[in-house]
Amino acid sequence: MTVAPPSLHAPKVNVFPDKAALVTAATEQVIELIRAAIAARGRCSIALSGGSTPKPLYQALAQTELPWQQLYIYWGDERYVPITHSDSNAKMTQEAWLSQVPIPAENIFIVPTDTDSPQTSAERYQQALMASFDVPSSQLPQFDIILLGMGDDGHTASLFPHTAALKETERWVTVGQKDDQPRITFTAPLINQARHIIFLVAGANKQSALSQVFAPVADSATYPARLIAPVGTLQWMLDADASQGLPQTIERTVH
Ligand code: 6PG
């Protein structure tokens, strides 16, 4: 059993009446963080989550004017499928957002899945990140924003329960495994280097996993979202249904 490692910043928990309100607030928050990063450092690096929850957020961002030249897009995980496949996170994001805005193609870092193996894809993506961030390979790059979801089993990105990816402490990108489906995923150490992490979690089916992720003591290998304890800020944006899983002791702002 492991006690949740204390984040340098206590997680902020915001609860919204429904998914639509959560998405509206998350859109505002992401826009604010993008603009603040560009104002402070001349660029913003954001790693996107896959799954269904963030899609309306991406659709809302498609209606937003942003400094596209200074915005750099990555994915925190990807399924090992062609970009034309309906399961591709990049396909979903391109259709919902990126194909509709004038962001330079060179600012979009798609996980290469047209390779001979998931391992090759993970290695190539790590090389692409190394080239994109001006840090020595001995250091971890710091993303300005990482968006995460959480599965009903407590996974996040493609860090699934009791898989080898959870134990990876050196690599930036590794191979995740969802049952028999290989994934490419950021590692927990890379995610935890972020300036700002936002979890977007909606639905009653997430209650049980949330109760364990926020429990004082639980097993991070069973509930990998517990591994997320960033050097920067950690925010959970929940809808009311999902928030029913929070232990009573967890402070939250109800909107
Ligand atoms: C993916 C995601 C994954 C997702 C969760 C929650 O590639 O599927 O990165 O970690 O965030 O499974 O998915 P939903 O938002 O669809 O519930």
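**Note on the predicted model: a buried asparagine, salt bridges and the ligand site**

1. N107 is placed in the loop between α3 and α4. The structure is a predicted model, and the points below should be read as describing that model. N107 has a relative accessibility of 3% and so counts as buried, the limit being under 20%. The N107 side chain has a partner in the backbone: the distance to the backbone oxygen of L71 is 2.9 Å.

2. How many salt bridges does a search of the whole structure find? The search gives 5. Three of them are described in points 3 to 5, with the position and accessibility of the residues that take part.

3. One of the salt bridges joins the side chains of R41 and D144, with an N to O distance of 2.8 Å. R41 belongs to helix α1, which covers residues 19-41, while D144 sits in the loop between α4 (118-132) and β6 (145-148); the pair therefore ties together parts that lie 103 residues apart in sequence. Are the two residues buried or exposed? R41 is partly exposed, at a relative accessible area of 41%. D144 is buried, at 4%.

4. D144 also forms a salt bridge with the side chain of R195, here at 2.9 Å from N to O. R195 is in the loop between α5 (188-191) and β9 (196-201), and D144 in the loop between α4 and β6, so this pair ties together parts 51 residues apart in sequence. R195 is partly exposed, with a relative accessible area of 23%. R41, D144 and R195 are thus to be read together, because the salt bridges link these residues in a network. Within that network D144 is the buried residue with a relative accessible area of 4%, and its partners R41 and R195 are both arginines by name.

5. A further salt bridge is formed by the side chains of K91 and E95, at 2.8 Å from N to O. Where do these two residues lie? Both are in helix α3 (residues 89-96), and being 4 residues apart they are separated by about one helical turn. K91 is partly exposed, with a relative accessible area of 24%. E95 is also partly exposed, and its value is 47%.

6. The ligand is surrounded by 16 residues, of which the closest are S52, T53, D77, R79 and A157. Which pocket does the ligand take up? The space it fills is the largest pocket.

7. Polar contacts of the ligand include one with R79, where a ligand oxygen is 2.7 Å from an N or O atom in the side chain. R79 is also among the residues closest to the ligand. The side chain of S49 has an N or O atom 3.3 Å from an oxygen of the ligand. At G50 the partner is a polar backbone atom, again 3.3 Å from a ligand oxygen. On its own the ligand has 420 Å² of accessible area, and the protein covers 88% of that.

8. A157, one of the residues closest to the ligand, deserves a look at its backbone. Its phi is positive, about 50°, although A157 is not a glycine. The residue lies in the loop between β6 and β7 (173-178). With a relative accessibility of 11%, A157 counts as buried.

9. D179 is another residue that is not a glycine but has a positive phi, in this case about 55°. D179 is located in the loop between β7 and β8 (181-186). Is D179 buried or exposed? Its relative accessibility is 66%, and D179 therefore counts as exposed, the limit being over 50%.

10. T27 is in helix α1, the helix that also holds R41. T27 is buried, with a relative accessible area of 8%. The C-alpha atom of T27 is separated by 9.6 Å from that of Q59, a residue 32 positions apart along the chain.

How values were computed: Residues numbered from 1 in each chain as written. Predicted model: local features only at pLDDT ≥ 70, side-chain atom pairs only at ≥ 80, totals over all residues. Heavy atoms only, no water. Salt bridge = Lys/Arg side-chain N within 4 Å of Asp/Glu carboxyl O. Buried < 20%, exposed > 50% of the residue type's maximum accessible area, 1.4 Å probe, protein only. Near = heavy atom within 4 Å. Polar contact = N/O pair within 3.5 Å; in protein donor to acceptor, adjacent residues only side chain to side chain. Areas by Shrake-Rupley, 256 points an atom, 1.4 Å probe, with all protein chains shown as cover. 1 Å grid on protein atoms, 1.4 Å probe; cavity = no way out; pocket = protein on both sides within 12 Å on 5 of 7 lines; lining within 4 Å. Sits in = over half its atoms within 2 Å of the grid points.
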